[in-house]
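User: I'd like to go through this model one question at a time. Could you keep the reasoning short and end each reply on what I asked for?

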Amino acid sequence: MARQGLDALDGRMLRLLRERPREGLLEIARRLGVARGTLQARLDRLTASGVVTGYGPDVDVAALGHVVEAFTTFEVDQPAREAIVARLRAVPQILEAHIVTGPGDIWCRIAGTSNQHVQQVIDHVLEVPGVRRSRTVIALDAVIPYRAQPLVDEVAGLSGDADAHRG
């Protein structure tokens with residue numbers, strides 16, 4: 001796959017924006033040794049191309065009281081899949097959902113306040129017409145939480161860069 005126009009400066013910029021999300025673009029530009037306008041143009045390009053998808057704060061759902069995380073696959077009737085996905089969007093405890101290959105058809109990451117709460121969410125989904133069955137595993141610990149920066153570093157040619165973590 002093409003690099004999507006990501007170079008080392010883009011990679012370093014994205015790393016600093018992730019590490020210092022509340023720092024202004026002027027300070028990030030100063031740290032990178034480029035003009036603020038250059039940084040803004042690169043950020044605008046990466047946003048327009050879909051590489052950068054958001055600027056919101058990361059939220060720890062466990063800190064909100066949803067301390068149990070589960071991964072559930074639902075087997076569904078394919079003709080009902082669109083309606084099922086629409087119903088899944090309405091369930092706040094479903095953090096993400098993916099159409100998958102292999103066992104199961106829709107993979108969901110669910111957050112609950114307890115194992116029983118997760119079971120209630122699953123039971124709610126099983127009531128949706130076209131959902132046949134589910135399989136669930138409970139996460140014990142996130143040893144590698146969602147991350148994109150190591151991949152950004154590799155695509156930008158920063159892997160092994162001695163200056164990769166300097167600010």
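Analyst: Sure, and one definition to start: buried means under 20% relative accessible area, and exposed means over 50%. Keep in mind that this is a predicted model.

User: With that cut-off, how many of the residues of β1 are buried?

Analyst: β1 covers residues 68-76. The strand is mostly covered, and the count of buried residues is 7 of 9.

User: Which strand does β1 pair with over 8 bridges?

Analyst: β1 has antiparallel pairing with β3, through 7 bridges. In that pairing, Phe71 sits opposite Arg109 of β3. The pairing over 8 bridges is antiparallel too, and Thr73 of β1 faces Arg135 there. The partner is strand β4, residues 131-139.

User: Which residue in β3 stands opposite Ala97?

Analyst: Strand β2 takes in residues 94-99 and runs antiparallel to β3, with 5 bridges joining them. Across from Ala97, the β3 residue is Cys108.

User: What is the phi of Gly102?

Analyst: β2 and β3 make a hairpin, and 6 residues lie between the two strands. Gly102 is in that turn, and its phi is positive, at about 85°.

User: Which elements each supply at least two residues of the largest nonpolar core?

Analyst: That core has 18 residues. Phe74, Ile84, Leu88, Ile94, Cys108, Ile110 and Val131 are the ones with the most contacts inside it. The elements you want are β1, α4 (81-89), β3 (106-112) and α5 (115-126).

User: How many residues are in the other core, the one with Leu17 and Leu32?

Analyst: This one lies apart from the largest nonpolar core. Leu43 and Val52 are also among its members, and its total is 17 residues.

User: What does Ile84 touch, not counting residues up to four places away in sequence?

Analyst: Ile84 is one of the residues with the most contacts inside the largest nonpolar core. Beyond its sequence neighbours, Ile84 touches Val76, Asp77, Ile106, Val128, Pro129, Gly130 and Val131.

User: Is Val52 buried or exposed?

Analyst: Val52 lies in the loop between α3 (36-48) and β1. Setting aside residues up to four places away, Val52 touches Leu14, Leu43, Leu46 and Thr47. Leu14 is 38 residues from Val52 in sequence, with the C-alpha atoms 8.7 Å apart. The relative accessibility of Val52 is 12%, below the 20% cut-off, so Val52 counts as buried.

User: And Tyr55, is that buried or exposed?

Analyst: Tyr55 is found in the loop between α3 and β1. Leaving aside neighbours within four places in sequence, Tyr55 is in contact with Leu43 and Thr47. Its C-alpha is 8.3 Å from that of Pro21, 34 residues away along the chain. At 56% relative accessibility, Tyr55 is over the 50% cut-off, so Tyr55 counts as exposed.

User: Is His117 buried or exposed?

Analyst: His117 has its place in helix α5. Not counting neighbours within four places in sequence, His117 contacts His66, Gln93, Ala111 and Gly112. With a relative accessibility of 16%, under the 20% line, His117 therefore counts as buried.

User: How far apart are the C-alpha atoms of Arg30 and Gln120?

Analyst: Arg30 lies in helix α2, residues 25-32. At 53% relative accessibility, Arg30 counts as exposed because the cut-off is 50%. Gln120 is 90 residues from Arg30 along the chain, and the C-alpha atoms are separated by 51 Å.

User: What is the volume of the largest pocket, and which residues are the closest to its centre?

Analyst: The volume is about 1700 Å³. The pocket is lined by 43 residues. Closest to its centre are Arg18, Asp58, Tyr146, Arg147 and Ala148.

User: Which element gives the largest share of the lining of that pocket?

Analyst: α1 (8-19), β1, β2, β3 and α6 (149-155) are the elements that give two or more residues to the lining. The largest share is 4 residues, and it comes from α6.

User: How many residues of that lining are nonpolar?

Analyst: Sorted by class, the lining of the largest pocket has 9 charged residues and 6 polar ones. The nonpolar count is 28.

Methods:
Residues are numbered from 1 along each chain as its sequence is written. This is a predicted model: local features need pLDDT of at least 70, side-chain atom pairs count only at pLDDT 80 or more; totals for chains, interfaces and linings use all residues. Side-chain values use heavy atoms; hydrogens and water are left out. A nonpolar core is a set of buried Ala, Val, Leu, Ile, Met, Phe, Trp, Tyr and Cys residues joined through side-chain atoms within 4.5 Å. Buried means under 20% relative accessible area, exposed over 50%, partly exposed in between (1.4 Å probe, protein chains only). Contact means heavy atoms within 4.5 Å. Two strands pair if DSSP finds at least two bridges between them. On a 1 Å grid over the protein atoms alone, a cavity is a set of points where a 1.4 Å probe fits but cannot get out, and a pocket is an open set with protein on both sides within 12 Å along at least five of seven lines; lining residues have an atom within 4 Å of a point. Grid points are joined across faces, edges and corners, and a volume is the space filled by probe spheres set on the points. Ala, Val, Leu, Ile, Met, Phe, Trp, Tyr, Cys and Pro count as nonpolar, Asp, Glu, Lys and Arg as charged, and the others, Gly among them, as polar.
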